[in-house]
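Hi,

Here is the structure I said I'd pass on. Have a look at it first, and then read my notes underneath.

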Amino acid sequence: MRDSQTVNVPPKSPVAGGPPAISAPIMRLQTGTHHDPFEVLGVHAQADGTTVVRVFMPQAEAVEVAGGRMARVAGTDCFERVLAAGSALDAHPVLKWQDKRAGDWHQDRSPYTFAAQIGEVDLHLFGEGRHFQIWNVLGAQLRTIDGIAGCLFSVWAPAAQRVSVVGDFNDWDGRRHPMRCRGGSGVWELFVPGLGAGAAYKFEILGSHGQLAKKTDPYARQMFLRPETTSRVVGASAHAWGDGNWLAARAHFDWQHCPVSIYELHAGSWRRHDDGSFYRWDELAAELIPYVRDLGYTHIELLPVAEHPLDASWGYQISGYYAPTARFGSPDDFRAFVDACHQAGIGVLLDWVPAHFPKDDWALARFTGEAVYEHEDPRRGEHQDWGTLIFNYGRNEIR
């Protein structure tokens, strides 16, 4: 959404032979308050046939593009270069830049030359509460766009002034990768070229009243081990499933006439090592599967294994619904555990609770500085006895 208290002036054309002219949109980039970075950054054709290439790089001493030096916009960390009419330029030109601290040179591509990636149908279904595979759209998705590999980040943050993706790759500076707002959907997105699996990230959100917060990704599929609260980009799974026979049998299982016996357990306390540390998924499989088979159980039911902040809990106060907790291993380690159970003839049930979530200020609570996932009214939005927040299922995007 636009900042109603700031006049949004179109960028001025640079004066030939002189320093680039400063403008209100560039100053808003500098101060981290611009709602639409694509208005300023990237490649822009001008009415006179020239092309302006503009980047924002507070980490850079100097920047080059298309074989020439870019000029710093006075008083800012923006650099731009005007190319004459007819100049050859890649759709996603390579930027070469010199680190102002170390002095060494690097190269990158700008995120602001890529078109919007999330389809209108996805946004429409999400807004109606009918997108049943939204985890394949929002969050961090590794993609190759126009032959360039990178990561597409997206998050739902309605009524925010500005949303950025931050991480080690940009020194956690929210000014460097502000995202594109997809209109009234409340979804923000940005494709960051060159970023791969394992990268740490969060979303920095400037709320409608100027509140600034760094939040974990609600759709993250992996988190770093607590006490870290950082999301992690996940690559394609390397696990090769071997449970085809079990799945085929399940499709024909006569559950109304065959016995079912379920062993419920909490993976974090069923057994631990002598030093109190948790079993990893492979260690749990080695001891749990023979145990439940010997007792004649057909299934195990795991208390919540989604990411949660408190070791002392049973996992019901979830902070990352799509991420298996890092306490017991990686997502592939969890896949291997389920696979081993299936191959041993044991079904796996997962417990989860959509009734409430914790108040931790780095997670879902007051996501944009205001109530988003919870009810604004504390009489409806909080379990007073438990000290947790209640989902606002009146919003389609929450449902």
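Below is what turned up on the surface and in the pockets.

One thing before you start: this is a predicted model.

Let's begin with the pockets. The largest has a volume of about 760 Å³. It is lined by 25 residues, and the ones closest to its centre are Y321, Y322, A323, P324 and F334. If you want to find your way around it, look for strand β9 (139-145), strand β20 (320-324) and helix α5 (331-343), since each of these gives at least two residues to the lining. As for its character, 18 of the lining residues are nonpolar, four are polar and three are charged.

The second largest pocket holds about 500 Å³ of space. There are 23 residues in its lining, with Y219, Y322, E397, I398 and R399 nearest the centre. You'll meet β20 again here: that strand makes the largest share of this lining, with three residues. The split by class is 15 nonpolar, five polar and three charged. Note that Y322 is on both lists, among the residues closest to the centre of the largest pocket and among those nearest the centre of the second largest.

Now to the outside. F253, W255, V260, I262 and L349 together make a nonpolar surface patch of about 480 Å². To find L349, go to strand β21, which covers residues 347-350. Is L349 buried or exposed? It falls in between: with a relative accessible area of 32%, L349 counts as partly exposed, and a patch residue needs over 30%.

Cheers

Conventions:
Residues numbered from 1 in each chain as written. Predicted model: local features only at pLDDT ≥ 70, side-chain atom pairs only at ≥ 80, totals over all residues. Heavy atoms only, no water. Patch = residues over 30% accessible without salt bridge, like charges linked within 9 Å, V, L, I, M, F, W, Y side chains within 5 Å. Areas by Shrake-Rupley, 256 points an atom, 1.4 Å probe, with all protein chains shown as cover. Salt bridge = Lys/Arg side-chain N within 4 Å of Asp/Glu carboxyl O. Helix = DSSP H or I, 4+ residues; strand = E, 2+ residues; numbered from the N terminus. Buried < 20%, exposed > 50% of the residue type's maximum accessible area, 1.4 Å probe, protein only. 1 Å grid on protein atoms, 1.4 Å probe; cavity = no way out; pocket = protein on both sides within 12 Å on 5 of 7 lines; lining within 4 Å. Points joined across faces, edges and corners; volume = space filled by probe spheres on them. Nonpolar A, V, L, I, M, F, W, Y, C, P; charged D, E, K, R; others polar.
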